[in-house]
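Let's take a walk through a protein complex together. Keep the structure open beside you and look up each residue as it comes along.

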Amino acid sequence: MVDFGGWELPQQYSSIRDEHIAVRTVAGLFDISHMGRFKVTGAGAFDFLQSLLTNDLSRIAEGRAQYNLMCNEEGGILDDLVVYWGDDGFFVVVNASNRERDLDWMRSHAPRAVDVEDRTFELALIALQGPKAEGLMPADGLDDLSYFGFRPAEVAGISALVSRPGYTGEDGFEIFVPADRVAKVWDTILESGAPHGVLPAGLGARDATRLEAALRLYGNDMDESVNPYEAGLGWTVRLDKGEFIGRDALARVKSGGPKRTLVGLKTAPGDIARHGAAVRSQDRQVGSVTSGTHSFFLGHPIALALVEVASLPVGETASVDVRGRQASAEVVQLPFYRGSARSAAGSAKS
Amino acid sequence: MAGRLYTKSHEWITVEGKSVTVGITDFAQSQLGDVVFLELPTTGRKLDAGESFGVVESVKAASDLYSPVAGRVTTVNEQLAAKPELINSDPYGEGWILKLELTGDLPKDFMDEATYKKSTESQS
């Protein structure tokens, strides 16, 4: 078990390799109950979220979810999150490590008529992710659920809210269910899925699959010192939607062009570039690795690095610190792998 | 296996005359997670007791390997280059790492299995 934002989570249930391959070829079941979940309600909830977040909620409607960013006045990323537009308000899913800070930030900016409630501990959240996820869900009527759509459904006989985003690059579902009833849903999915190869999957497989899909991890690939354009998330910033926190700073970044950019690196087997490792181009340091792991699915290590803009175009050879020496790294197109996700909004547009 | 001895840094050894086989323990492999690569010395290299002789790279982290005894490397487990996962699946068998020929006395501070197990219980 490892500590992840104050939650004890398994790195692996069986083996990271097996779990990773299961997610890519069949499906893996993740417990992501550590994610923070807030309910935002009140007459001004829509306007409040519009003024707080970078993406434009008017581009979606009730019954749909949207990937979004919360920035500070300087345009630095406070968190990346998903907003669900429900029939009785909005549901916001944030990173576990930022939950308390996000809650404080949101409450300190909320007008009196808007209520921000922490629902993290009432609802469990599990995710079935993989190319065969749809057929393996013990629920009816999900086949026409669209990417980033959500609706109520009976899963294993339990009333749940089911959505269709994901953090692996694969098709799949996230299931919100009362914490005291999640065990039945979890067990049913695993029991019925086991003959097909479904495995419970831990943080190791989650990190490897999200990295292959080039989905950013807050705290690794971005933080307050990184703006959305540098993180390759400019598509989530809608400068034309009206005022929001960070808008002026972000408009300046956009017109001047970002100074740094995230690139993908591929290294030889064994050369895993870890977070913080220096990245060089022709003996000059141009940035550092933000995330790196071994990809069992691709058969070689992969890494994301934040580097000076235009210093490392795709196809270039960089060098990166691995265990105190310089290892050769090829700059490759992102994402490293495009899975079965219906429209990989997070990876395809970045 | 009778006669397996353990170190505080989670290596194990077996001794046959002057020949010592070295590996990492089941506890160590479970803590490391899936091993993806090993950087190992060439045969003939002389190692002091406690000297770092290589690196085991898992998905989680790179960890140094330490020689539990002073000796000269006689054999390296070549299978690990293609199948580093043997460290996870069979740490006391096919996942052995190298064999040394003792150049000094066997240190006295090894633990037996029961003592080692006890020492890891507080860490897991």
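Helices, at least four residues long, and strands, at least two, are DSSP runs that are numbered from the N terminus. With that in hand, find helix H6 (residues 203–212) of chain A in this predicted model. Just after H6(A) comes Ala214(A), which takes a positive phi of about 60 degrees.

**Inside chain A**

Is H6(A) mostly covered or mostly open? It is mostly covered, as 10 of its 10 residues are buried. Charged residues are among them: Arg206(A), Asp207(A), Arg210(A) and Glu212(A) are buried, and so are Leu203(A), Ala205(A), Ala208(A) and Leu211(A).

Next, look for the largest nonpolar core, which has 128 residues. Which of its residues touch the most other members? They are Val83(A) and Leu265(A). In soluble globular proteins, nonpolar side chains tend to be buried together. Leaving aside neighbours within four places in sequence, Val83(A) is in contact with Leu49(A), Leu53(A), Leu57(A), Ala65(A), Phe90(A) and Val92(A), among others. Gln66(A) and Asn68(A) are also contacts of Val83(A).

**Strands and turns in chain B**

Now move to chain B and follow its strands S1 (residues 5–6) and S2 (residues 11–16), which run antiparallel and are joined by 2 bridges. Leu5(B) has Ile13(B) in S2(B) as its bridge partner. S2(B) also pairs in the antiparallel sense with strand S3 (residues 19–24) of chain B, over 6 bridges. Here Thr14(B) stands opposite Thr21(B) in S3(B). Both pairings form hairpins, set out below.

| Hairpin | Residues between the strands | Turn residue with positive phi |
|---|---|---|
| S1(B) and S2(B) | 4 residues | His10(B), about 70 degrees |
| S2(B) and S3(B) | 2 residues | Gly17(B), about 60 degrees |

**Where the chains meet**

How many residues of chain B are in contact with chain A? There are 11, and they are in contact with 12 residues of chain A. Strand S4 (35–39) and strand S6 (52–58) of chain B are the elements that give two or more residues to this side of chain B. By class, the side of chain B that touches chain A has 5 nonpolar, 2 polar and 4 charged residues.

**How confident is the predictor?**

For the complex, the predictor gives an ipTM of 0.73 and a pTM of 0.88. Chain B averages a pLDDT of 91, with 96% of the residues scoring at least 70. Among the elements of chain B, strand S8 (residues 71–76) has the highest mean pLDDT, 97, and strand S7 (residues 62–66) the lowest, 90.

Conventions: Residues numbered from 1 in each chain as written. Chains lettered and ligands numbered in written order. Predicted model: local features only at pLDDT ≥ 70, side-chain atom pairs only at ≥ 80, totals over all residues. pLDDT = per-residue confidence, 0-100. Contact = placed C-beta atoms within 7 Å. Core = buried A, V, L, I, M, F, W, Y, C linked by C-beta atoms within 7 Å. Buried ≥ 20, exposed ≤ 12 C-beta atoms within 10 Å, placed from the backbone. Pairing = 2+ DSSP bridges.
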